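Good morning, colleagues. Please bring the sequence and the model up on your screens before I begin.

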Amino acid sequence: MHPFKQKFMAQQKKFKHLSTRMFNAKSLILSQSTPYEVITEYKHAKVRFYASPDRKYKEPLVFVAPLAINMSIYDLYPYRSLVKHFQHSGFDVYLLEWGKLKYQDRFLNFMSFIDDVIPHCVAQICEHSGSRYISLHGWSMAGVFVTLYTALHQPEHVKNLMVMGAPIDSYASGRIGTLFKKTNHLISRNKKVQDTVYTGKIPKHFIHTPGVVNALGFKIVDPIGWFKSQKQFLMNLDNVHDLYEHATMGNFLNHMIDYPGGINQDMVFNVWLQNPLKNGAIKLKDKYIELKTINCSLLIGAGSTDQIVTADAARPLSELTSSTDVTFTLIPGGHLGLMSSQKSANLFWPDMTKWLIQRSNLLQENT
């Protein structure tokens, strides 16, 4: 073939890929292809069940999703899927999803999840699975959820706890942590402002954030990473694999869900600004929750290049519980990559699976 014609055809192929990505992106999305069954619904939550084709272990693995995100991250690609990975490792898998929270949900707060919805769903999972105990996984905000849920309800159901990318010492989280520390210092200098911000007097509709704002914020936090991904895509327009992955990840990032005002009150104004978890306890409404009540096996993970929740912010949990079985590990990738990158799948998922297998009972064993 003439070099000119070959070059023309290559450019034509790139243009076709770009056009498809821009105007027919839905045809490229690969996420959430693994079949599942909804076993229960409660308030704003649903529980998905992904049955293992060859179940080996008594305790099911339960993923608790953070707010704002859609569920794609747990089943991102047919060939790189967390739920599928653990299904085929011999675990029945359950996923707690929160639905499309809206403005009318603005009063939901941490206690709505850790002392109501999660306990109810876990009880249903235990009944459905036939196991009194579960292994529990939480990433990002859900890492805080599962930590506080376990601390509040231990030792009721949680045998193994996996906390990924959760801010325990928020001030230690790089530039973001420094910003929150300085902001808290400024707020604390004025008692009236402190009382307004920290006691929930700001109307929830003022601090409720729509999904589109959350999607934008996720990109703003790591603009360099987002720009690099766009540049890489444009430089590899002839690569069909990259085309599908870019569209699938774009669908995940562009379709985020609302943060209720009550959640922002607890997460931003309590966890991030006041940083109580660094000292091993937090007060939510009338309950004082201490992390030292956690005594199950504990795996703590942090993204090696995470700019949102750094390793220094996540690591302190290892010293704050009563568990005698604690493992801390660095995971390849940033805040999102620790859950979804190829490096994480290749290097961390096998280690996480090994850790979980060593702490799970075989199905035929007496528990």
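I shall go from the overall dimensions to selected helices, and then to individual residues.

First, the conventions. This is a predicted model, in which local features need pLDDT of at least 70 and side-chain atom pairs count only at pLDDT 80 or more, while totals for chains, interfaces and linings use all residues. Residues are numbered from 1 along each chain as its sequence is written, and side-chain values use heavy atoms, with hydrogens and water left out.

Let me start with the protein as a whole. Its secondary structure comes to 14 helices and ten strands; helices (H or I, at least four residues) and strands (E, at least two) are DSSP runs, numbered from the N terminus. The C-alpha atoms fill a box of roughly 75 × 60 × 35 Å, taken along the principal axes. For 367 residues, a compact globule would have a radius of gyration near 21 Å, and the protein agrees with this, at 21 Å. That radius is taken over C-alpha atoms, and the globule rule is 2.2 Å times the number of residues to the power 0.38.

What share of the 367 residues counts as buried? The figure is 54%, where buried means under 20% relative accessible area, exposed over 50%, and partly exposed in between, with a 1.4 Å probe and protein chains only. The protein exposes about 17,500 Å², and carbon and sulfur atoms supply 55% of that area. Accessible areas come from the Shrake-Rupley method with a 1.4 Å probe, and for residues only the protein chains shown count as cover.

Contacts are next, a contact being heavy atoms within 4.5 Å. Among contacts in the protein with a separation of 6 or more, residues 24 or more positions apart account for 80%.

As for charge, there are 40 positive and 28 negative side chains, and the centres of the two sets lie 9 Å apart. Lys and Arg count as positive and Asp and Glu as negative, whereas His and the chain ends are not counted. Each charge is placed at NZ of Lys, CZ of Arg, CG of Asp or CD of Glu.

I turn now to two helices. Helix α10, residues 240-254, has 15 residues that should span 21 Å at 1.5 Å a residue, and its end C-alpha atoms are indeed 21 Å apart. The expected span is 1.5 Å times one less than the number of residues. The buried residues of α10 include the run from E245 to L253, and also L243.

Helix α11, residues 261-274, is mostly covered, with twelve of its 14 residues buried. Among them are G261, D266, M267 and W272. What covers this helix? The elements over its buried residues include α3 (110-129), α4, α5 (174-188), α6 (191-198), α7 (204-207) and β7. Just after α11, N275 takes a positive phi of about 55°.

Two further residues have positive phi without being glycine. S140, in the loop between β5 (134-139) and α4, has phi near 60°; at 18% relative accessibility, S140 counts as buried. K285, in the loop between β7 (281-284) and β8 (287-290), has phi near 55°. Is K285 buried or exposed? K285 counts as exposed, because its relative accessibility is 63%.

Helix α4 itself, residues 141-153, contains T150. T150 counts as buried at 1% relative accessibility. Apart from residues up to four places away in sequence, T150 touches L136, V158, L161, I294 and C296.

The remaining residues I would single out are V47, H128 and W98. V47 lies in strand β2, residues 45-50, and is buried at 0% relative accessibility. V47 and L96 are 49 residues apart in sequence, yet 4.8 Å apart in space, C-alpha to C-alpha. Beyond four places in sequence, the residues that V47 touches include I39, L96, C121 and I125.

H128, in helix α3, counts as partly exposed at 37% relative accessibility. With the same sequence neighbours set aside, H128 touches I39, F49 and Y94. The C-alpha atoms of H128 and I39 are 7.9 Å apart, with their positions 89 residues apart in sequence.

Finally, W98 sits in the loop between β4 (93-97) and α3, and is buried, with a relative accessible area of 3%. Its contacts beyond four places in sequence include H44, V64, P66, F113 and I118.
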